[in-house]
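Please look through the two chains shown below before reading on. The paragraphs after the display lead from each chain to the place where the chains touch.

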Amino acid sequence: MPLRRRDKLITYLVVGPFAIVLAFPFYWMLQTSLKSELDLYNTENNPFGWGEGSPTLDNYRFLFSDTQYVHWLLNTVLVGLVVVAITLAVALPAGYALARLSGRWGQSMGVGLFLVYLVPPTLLFLPLSRVVAELGLQDRLASLILVYPGFTIPFATWLLMGFFKSIPRELEDAALVDGASRLRTLVWIVFPISLPGILTVIIFTFSLCVNEFVYAIAFITHSDSKVVSTGIYTELIRGDVFYWGALMAATLIPSIPLALLYNTFLDRFIAGFTGGAFR
Amino acid sequence: MPRRRRRDLLEQRRFLAPALIAPAVIFVALLVGAPLALSVYLSFTNATAGSLTGDFVGFQNYADQWSDPNFRTAFRNTIVFTLVANAIVVVGAAFLSHFLVREFRGKWFLRFLILLPWAAPVALSTIGFLWIFDSLFSVVNWTLIHLSLVDQFNPPQWLGEPNKALAAIITVHAWRLLPFATVIMIAGLASIPKEVDDAAKVDGATGLKKLFFVTLPLQLPIATIAVLFGIVFTATDMAVVYILTRGGPFNSTQMLPMWAFQTGIQAGALGPGAAIALFLLPVLALVTVLMLLFARRVEVT
């Protein structure tokens, strides 16, 4: 339904300022990342303008040729993808079973799973770091891949349980009556309908992994195996020296594709959150 | 035939459900259950770094922390951060979502801008704010100085003065949670059936009346979920405080996860560290259960 002229104006007047305020730090990262040292650290200069030597791509050059930045990005994506795969493999069947095959205790177990998600990393940290050490996984991405499912699985199972519940039972019953086995029904009927839900879980899981900071900073000190959050934080800030230009370039780069991804799948995400294609 | 089929299903179900749930349970038990149990044990001992055992000291660690001023500050701050940031987020998101469900030109791009804070990894965007609040080169201060709102020679130190640092941390939390809450609220609006709209129209409910008596009540269960996530994200997050202030200046922006990390991991006092981290757990668990129950109750009626 097209909006009337007045409604349209009001919409822009509300959404516009929100967008400006929320996106400002990223605009600021962009501007900072394109500045020369000379310009950046001269307090006389207007920070919104360009001073001596700006704009320049020097910071980007430094980031890509003099640091392990590309490595950190790849590590982040790798950890994220592997954890997503593990999480789906475990949470899909569990979420379905809790939603459909178990009675009342499925419900309480669902809430229980969410409670597991509340346990702060600081509590699990010491025992887990011991486990990581025993297995010889320090400074390896495998340590993160081992630990992250601890918070992604409960969360994903809880979300998936909700999605599966919203699928009408009749659909499955029809397939079952037709002689399909439960597992076949699951793979051919239930999962395809739950695609928006599954997509939501993938995005959520990936974003939880990318956001994680505490384990990543504690388990991995070797530059080669760092992920993007910790790599930038530990190597572009050296004592009192902040490489602000490169730092801002480094924070901006992963944010853009992630936001594009979220925006592209947002409608599906919303469909997933409100309970699948059938309501 | 029907009877046999039903029995088959039942057989299958009895076997299938545990088989499907087992891997998840094993993962959670090993990665969360066991370490958690060990931490609970540690919180009753005087264990220090290097060993995972110590002498049993009962509730001593908890009592010590409760009377420690740093703990008190951390406890208070955790609650303040969480409540204030989420209050801002809920009001902002409820408002914004009403406009963002509409169709308008340029929506895709504006939505992209709005989603950025949520998409960016928290540690990275917080580094962005570290620069925005820099003591010398803060763009906020530059702007305020040029608007003659603050003294050029004594500009505010956003991360160096207790109250301003608290405000800075709350700003970052609210900023980064707002898009997510908005998305969930849009989901809530989208789930309101078209018939309700029509019924409201027939009953003559329009504008504000419709907003307060029809839309907002229907939005409530999903708004509760948004707040629940918001509370969990703020109360358990350590990255923002770790990067912006490390709990400083003088522990004034200390919060529980940060204080637990500094005590238990950096200072090596495992027992007290575990006790600090455990303080938060029952509170969060209670809040979660209440909110989930509330969301369900509202949904049913």
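What follows takes up the chains, their contact, one pair of helices and a few backbone details.

This is a predicted model, in which local features need pLDDT of at least 70 and side-chain atom pairs count only at pLDDT 80 or more, while totals for chains, interfaces and linings use all residues. Residues are numbered from 1 along each chain as its sequence is written, and chains are lettered from A and ligands numbered from 1 in the order in which they are written.

Chain B has 12 helices and zero strands, whereas chain A has 14 helices and two strands; helices (H or I, at least four residues) and strands (E, at least two) are DSSP runs, numbered from the N terminus. The radius of gyration of chain B, taken over C-alpha atoms, is 25 Å, where a compact globule of 301 residues would have a value near 19 Å; the globule rule is 2.2 Å times the number of residues to the power 0.38. For chain A the radius of gyration is 23 Å, against a value near 19 Å for a compact globule of 279 residues. Along the principal axes, the C-alpha atoms fill a box of roughly 70 × 60 × 30 Å in chain B and one of roughly 75 × 65 × 30 Å in chain A.

Buried residues, those with 20 or more other C-beta atoms within 10 Å of their own (exposed means 12 or fewer, partly exposed in between, with C-beta atoms placed from the backbone), make up 44% of the 301 residues of chain B and 47% of the 279 residues of chain A.

Where the chains touch, the contact takes 79 residues from chain B and 72 residues from chain A, two residues being in contact if their C-beta atoms, placed from the backbone, lie within 7 Å. On the side of chain B that touches chain A, helix α1 (residues 2-43) gives the most, with 17 residues. By class, this side of chain B has 68 nonpolar, eight polar and three charged residues, where Ala, Val, Leu, Ile, Met, Phe, Trp, Tyr, Cys and Pro count as nonpolar, Asp, Glu, Lys and Arg as charged, and the others, Gly among them, as polar.

One pair of helices can be followed across the two chains. The axes of helix α6 (residues 121-134) of chain A and helix α11 (residues 256-266) of chain B come within 9 Å and cross at roughly 25°; axes are lines fitted to C-alpha atoms, for helices over the stretch in contact, and angles run from 0 to 180 degrees between N-to-C directions. Therefore α6(A) is roughly parallel to α11(B), a term for angles under 35 degrees. In this pair, A:Thr122, A:Phe125 and A:Leu126 of α6(A) meet B:Pro257, B:Ala260, B:Phe261, B:Gly264 and B:Ile265 of α11(B), and the residues of the contact divide into six nonpolar, two polar and no charged.

Some backbone details remain. Most residues other than glycine have a negative phi, and most peptide bonds are trans. The peptide bond from B:Gly248 to B:Pro249, however, is cis, with omega near -10°, and B:Pro249 is found in the loop between α10 (239-244) and α11 of chain B. B:Phe250, also placed in the loop between α10 and α11 of chain B, has a positive phi of about 50° although it is not a glycine, and B:Phe250 counts as exposed, with 10 C-beta neighbours inside 10 Å. In chain A, A:Asp139 lies in the loop between α6 and α7 (141-147) and has a positive phi of about 65°; A:Asp139 is partly exposed, with 16 other C-beta atoms within 10 Å.

Note on methods:
Angles under 35 degrees count as roughly parallel, over 145 as roughly antiparallel, 65 to 115 as roughly perpendicular and the rest as oblique.
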